[in-house]
Amino acid sequence: MRKFFQGIAAACVALLFAQCNTSPKDANAVNAPDSISGTCNLKIAYVEIDTLLTKYDFWNDLNELMIKKEENIRATLNEKGRELENEAKEFQRKLENNAFATRERAEQENARLIKKQQDLQELQNRLTNELATENQKNSLQLRDSINSFLKEYNKEKGYSFIFSNTGFDNLLYADQAYNITDEIVEGLNARYNPSTAMKDK
């Protein structure tokens with residue numbers, strides 16, 4: 001499951017803001033080729049997604065909540081599985097000792113255990129699917145939360161591009177001067193209200 005949460009980072013795509021900054025004094029401004037945009041300075045920055053996920057309180061709270069839900073599901077399934085296993089052992093013991101009054105009674109008990117096993121499998125599938133659906137919903141919430149913040153953030157900062165970087169997946173090299181991860185995390189956490197964000201979880 002933790003691998004799943006790490007995989008969420010890959011879903012955070014690079015964010016594009018089509019806006020040129022014409023101030024030549026900007027430290028993050030670079031000249032775009034004339035063939036692409038004419039005479040225009042691009043202001044570029046990037047965010048380290050792995051670091052953001054580690055430090056973003058909203059994501060950490062969601063992550064902790066999902067781990068607890070997964071543990072509860074596992075505990076429920078394990079308990080029901082042990083119960084079924086004990087009943088199956090008791091059925092086998094009775095069968096071996098001719099404890100059933102009639103063959104029909106033994107067949108009824110066997111059918112009941114088979115049905116219980118099928119019900120347990122269906123429960124496992126349902127709970128697993130519900131957990132996967134909620135994880136997908138959480139990843140969308142994370143993306144929307146970051147996108148929404150960056151749109152407001154960029155109204156003042158005026159970046160032309162803000163790239164996401166996960167390890168070396170997107171950026172093979174980037175000067176740390178263009179790294180705005182800590183600033184974004186600080187802004188996201190300042191805006192985050194746990195009581196509001198988690199009330200429906």
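**T181 and its surroundings in a predicted model**

Q: Let's start with placement in this predicted model: in which helix does T181 lie?
A: The helix in question covers residues 181-191, and T181 is part of that range. The element holding T181 is therefore, by the numbering of DSSP runs from the N terminus, helix 6.

Q: Is T181 buried or exposed?
A: The relative accessibility of T181 is 2%. Buried means under 20%, so a residue with that value falls in this class. T181 is buried.

Q: Which side chain forms a polar contact with the side chain of T181?
A: Here we look for a pair of side chains joined by a polar contact. T181 has such a pairing at 2.5 Å, and the partner is N179.

Q: How far is the backbone nitrogen of E48 from a polar atom of the T181 side chain?
A: E48 also appears among the residues in contact with T181 once neighbours within four places in sequence are left aside, a list that includes Y46 and L52. For E48, the atom concerned is the backbone nitrogen, and its distance to a polar atom of the T181 side chain is 2.7 Å.

Q: Stepping back to the chain, how many helices and strands are there?
A: Reading from the N terminus, the elements run α-β-β-α-β-α-α-α-β-α-α. Counted up, the chain has 7 helices and 4 strands.

Q: What share of the residues in the chain is buried?
A: T181, at 2% relative accessibility, is one of the buried residues. The chain has 201 residues, and the buried share is 33%.

Technical notes:
Residues numbered from 1 in each chain as written. Predicted model: local features only at pLDDT ≥ 70, side-chain atom pairs only at ≥ 80, totals over all residues. Heavy atoms only, no water. Helix = DSSP H or I, 4+ residues; strand = E, 2+ residues; numbered from the N terminus. Buried < 20%, exposed > 50% of the residue type's maximum accessible area, 1.4 Å probe, protein only. Polar contact = N/O pair within 3.5 Å; in protein donor to acceptor, adjacent residues only side chain to side chain. Contact = heavy atoms within 4.5 Å.
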